[in-house]
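Visitor: I'm new to this, so please slow down and give me a close look at just one part: the largest pocket. What lines it?

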Amino acid sequence: MGLSCPSSEGWGPLSPSRPVDFTTCFEHGVLVTGVNVLFLVAAIVRLRTLRRAPILPRSLVAGSLFWVKLSLAVSTLAASVAELAFATFAYSTICAFTVSMGLQTLAAAAAVSLHYREQLRNRVASTPLLLFWLATVLLALMRLRTAISMDLVETQPAAVVANTLFMLAALATMALECQPKPHGLYQLPDDDEDDMEFQSPEERANVFSRWTFSWMTPLLEQGFRKPLQMADVWELSRQYRPDVATAEFQSNWLAEQKRSNPSLFRATMRTYGAAWALAGFYKLVKDLVAFLNPILLSRLIGFVSTYHTPAAEPIQNGYFYALSMFVVASVQTLAFQQHWTQNQRVNSLIKISYTTAIYRKTMALSNDARQQYNVGGIVTHMSVDSQRVADFTANFSHH
């Protein structure tokens, strides 16, 4: 039995009376409910993962910024509880509005708990929390616009105020979560200060910084002011160091060698399959979004051509088409850059792993086996052949 929709507009998704707007039941029953359910699942998985991480003393890592952020997260929980109370009072039965507000309250409570545990066990801003707060702010802004267009400010002012406070508190919490955590806050007595100074900022960058590559801004600014020296460049990220990059591959390759038909492809996919699939996902997003701009351009041309005529569309449609074209172009560029970057990462890791595996095999050859392979052939395998396989796997397999 599905959720009931108390609104006369039905489930929509588009409102028949308001231009460029969803129905309230679709916003609450599908969008708000879906986002909160996804976050609750992600929060449970993340909390289980954090249990295995070493815990740091609360007095060492819990600074004033953390307590302000946690207070704001508690404020979102309080505002969500108020929204749930207003929805329960307005609708006597279980419907899309009460369920969505109940799930939002549970998600806000899970966010408070996750904020506390992430601070004690993680040096990087939490990706699930950042994505959840971003989606929550956008949905709250959408619900606020719908409430204003339906004149709910006059009929249900308390609910609109609660939604506004929830949105503002969530926005402030996200802004504080985006702030990088200081190095000294997590520097333990056995950490080398020089290593901390030259550590790549990519390892501590949050998801937004990785998407926009803003973690490279200090290096680019320094390169603009003066020629860069080796002392200005950070150390190689830990994931690209040969010993780290090849450890998992060597383990998977040794496991394959114990099988009757060992496969280098299976060992490679078991090691780098997730990173390769992520690059394919970005490529899929880029290709799908590429079809939207011609459609939106056609709609925008139709809107302009019928303007000031009896068949003219509402002015909101024109703003929607123009803004959507900007968003689509931004998403397409972002997805393409992430696809290319992820492909180069996979390329480098595969090349490192293959080169190291061939070198180790060469060192283990017997005298009789060495007679069958000359130095030039081994060097070719280590440089040219491994590079070709890595290029094909990373660059051409998604086309």
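Guide: Here is a walk around that pocket and along some of the helices beside it. First, a warning: this is a predicted model, so local features need pLDDT of at least 70 and side-chain atom pairs count only at pLDDT 80 or more, while totals for chains, interfaces and linings use all residues. Residues are numbered from 1 along each chain as its sequence is written, and side-chain values use heavy atoms, leaving out hydrogens and water.

The largest pocket holds about 1,600 Å³ of space. It has 34 lining residues, and Leu138, Met142, Leu323, Val327 and Val331 come closest to its centre. (A pocket is an open set of points on a 1 Å grid where a 1.4 Å probe fits, with protein on both sides within 12 Å along at least five of seven lines; a lining residue has an atom within 4 Å of a point.)

What is the lining of the largest pocket made of? Nonpolar residues number 27, alongside 5 polar and 2 charged ones. At least two lining residues come from each of α1 (24-50), α5 (127-149), α12 (264-290) and α14 (315-363). Helices here are DSSP runs (H or I) of at least four residues, numbered from the N terminus. The top contributor is α14, which gives 14 residues to the lining.

Now follow two of those helices. Take α5: the loop between α4 (96-121) and α5 contains Asn122. Asn122 is buried, at 15% relative accessible area (buried means under 20%, exposed over 50%, partly exposed in between). A polar atom of the Asn122 side chain sits 2.8 Å from the backbone oxygen of Val124.

Next, α1, and a bit of chemistry: a disulfide is a covalent bond between the sulfur atoms of two cysteines. The model has 1 disulfide (a pair of cysteine sulfurs within 2.5 Å). It ties Cys5 to Cys25, with the sulfurs 1.9 Å apart. Those partners come from distant parts of the chain, 20 residues apart: Cys5 is in the segment before α1, and Cys25 is in helix α1 itself. The link between Cys5 and Cys25 is right-handed, at 95° about the S-S bond. Cys25 is buried too, with 0% relative accessible area.

Why does Cys95 not join in? Its closest cysteine sulfur, in Cys25, is 7.5 Å from the sulfur of Cys95, so the gap is too far for a bond. Cys95 is also buried, at 1%, while Cys178 counts as partly exposed at 24% relative accessibility.

Key:
Grid points are joined across faces, edges and corners, and a volume is the space filled by probe spheres set on the points. Ala, Val, Leu, Ile, Met, Phe, Trp, Tyr, Cys and Pro count as nonpolar, Asp, Glu, Lys and Arg as charged, and the others, Gly among them, as polar. Buried means under 20% relative accessible area, exposed over 50%, partly exposed in between (1.4 Å probe, protein chains only). A polar contact is a pair of N or O atoms within 3.5 Å; within protein, one must be able to donate a hydrogen and the other to accept it, and residues adjacent in sequence count only if both atoms are side-chain atoms.
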